[in-house]
Amino acid sequence: MIKIRVPATSANLGPGFDCLGIALNLYNYFIVEEIGVGLETNIIEEFSGRILDLALEDNLFVQAMKKVFDLTGQRIKGIRITEKINIPFARGLGSSASAVVAGLHAANYLTGNTIKEEDLLELAVAMEGHPDNVVPAYKGGFVINVLSSNGLSYKKLELDQELKFIVLIPDFELKTNAGRKALPEILTYSDAVFNISRAALLTASFYDKNYSNLRTAMEDKLHQDYRSRLIPGFYTVLDAAYNAGALGVALSGSGPTLIAIAEENLDEIGSSMVNAFKENDINSRYLVTRVDNDGCTIID
Ligand code: HSE
């Protein structure tokens with residue numbers, strides 16, 4: 001039996017579209033047990049108590065395990081999989097990435113760790129389509145990801161546990177495909193410069209633990225404004241977080257969750273954001289999280 005823990009992630013973090021991401025201490029757990037024969041899956045959404053019924057072809061944990069079994073030519077006759085879900089689906093918190101990373105890691109472990117970590121990461125990126133969720137889910141921390149003709153390069157930075165990330169989760173889903181369809185095909189030089197400068201500033205701010213520039217550093221012109229049109233009251237919520245003392249606020253991944261960075265006034269920031277969404281007839285809840293610097297971990 002193995003039990004794997006995988007953190008939620010927040011991709012993009014403002015200016016880092018498809019390249020920056022952070023792991024948060026909100027976890028999905030995947031338990032794999034060998035049984036006589038066959039495949040059993042149990043999926044429990046822990047925050048709601050619901051038992052989920054997911055077709056095998058939509059179960060990314062199962063699909064990721066299968067990928068490793070196919071590549072290694074190894075098979076296990078019977079498996080029972082239990083998935084304990086705390087990362088809500090389709091909210092911009094890396095629920096798909098967590099399943100992909102955990103499935104690859106679990107199957108590799110069960111087949112003798114024959115696939116190297118860098119190759120597992122490449123597989124994860126290929127399954128997910130972009131690296132900014134899967135790499136922090138696997139490695140933890142704040143991660144800068146670059147895809148080039150040589151494959152994936154990344155740099156992980158462990159962040160301060162004192163820094164808090166308030167995630168404001170609305171009660172509706174927004175699938176990444178829909179979020180990507182909202183994006184324009186062409187961007188201007190000035191928007192590119194806007195984002196490059198802020199992505200560099202954000203990275204340097206985390207590196208030297210000076211958070212005074214986060215408000216500017218979290219700005220974006222590549223995706224947030226286009227996607228905000230799919231989220232009623234987005235800018236009211238963002239402003240509410242700043243008015244309550246947030247240091248930086250952005251859309252989390254492709255949304256609809258927002259992420260606010262703060263060192264104090266945490267509940268005030270969370271409640272202000274919930275109230276601002278309510279004014280737009282959207283129910284939401286907030287969680288105060290911090291960075292997870294460990295990534296995907298076998299805990300049993
Ligand atoms: N970088 C991706 C996007 C993350 O914004 O579409 C979503 O999974």
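Okay, one bit of vocabulary before we start: Ala, Val, Leu, Ile, Met, Phe, Trp, Tyr, Cys and Pro count as nonpolar, Asp, Glu, Lys and Arg count as charged, and the others, Gly among them, count as polar. Also, keep in mind that what you see up here is a predicted model.

So, let's go to the ligand. Who's around it? The shell is Ala11, Asn12, Phe17, Asp18, His130, Asp132, Asn133, Thr176, Arg180, Arg227 and Ser254. Sort those with our vocabulary and you get 2 nonpolar, 5 polar and 4 charged residues.

Now, where do they come from? Domain 1 (2–157) and domain 2 (164–290) each supply at least three residues of the shell.

Next, a few contacts to look for. Each of these is a polar side-chain atom facing a ligand oxygen: for Asn12 the distance is 2.8 Å, for Asn133 it's 2.9 Å, and for Arg227 it's 2.7 Å. And how much of the ligand gets covered? On its own the ligand exposes 260 Å², and the protein buries 97% of that. The spot where the ligand sits is the largest pocket. If you look for elements that give two or more residues to the shell, you'll find helix H4 (131–139) and helix H5 (176–181).

Okay, leaving the ligand, two backbone oddities. Find the loop between strand E9 (248–251) and strand E10 (258–262); that's where Pro256 is. The peptide bond from Gly255 to Pro256 is cis, with omega near 5 degrees.

The other one is Ala90, in the loop between strand E5 (78–85) and helix H2 (95–110). Ala90 isn't a glycine, and yet its phi is positive, about 50 degrees.

Notes:
Residues numbered from 1 in each chain as written. Predicted model: local features only at pLDDT ≥ 70, side-chain atom pairs only at ≥ 80, totals over all residues. Heavy atoms only, no water. Near = heavy atom within 4 Å. Polar contact = N/O pair within 3.5 Å; in protein donor to acceptor, adjacent residues only side chain to side chain. Areas by Shrake-Rupley, 256 points an atom, 1.4 Å probe, with all protein chains shown as cover. 1 Å grid on protein atoms, 1.4 Å probe; cavity = no way out; pocket = protein on both sides within 12 Å on 5 of 7 lines; lining within 4 Å. Sits in = over half its atoms within 2 Å of the grid points. Helix = DSSP H or I, 4+ residues; strand = E, 2+ residues; numbered from the N terminus. Domains from an automatic or database assignment.
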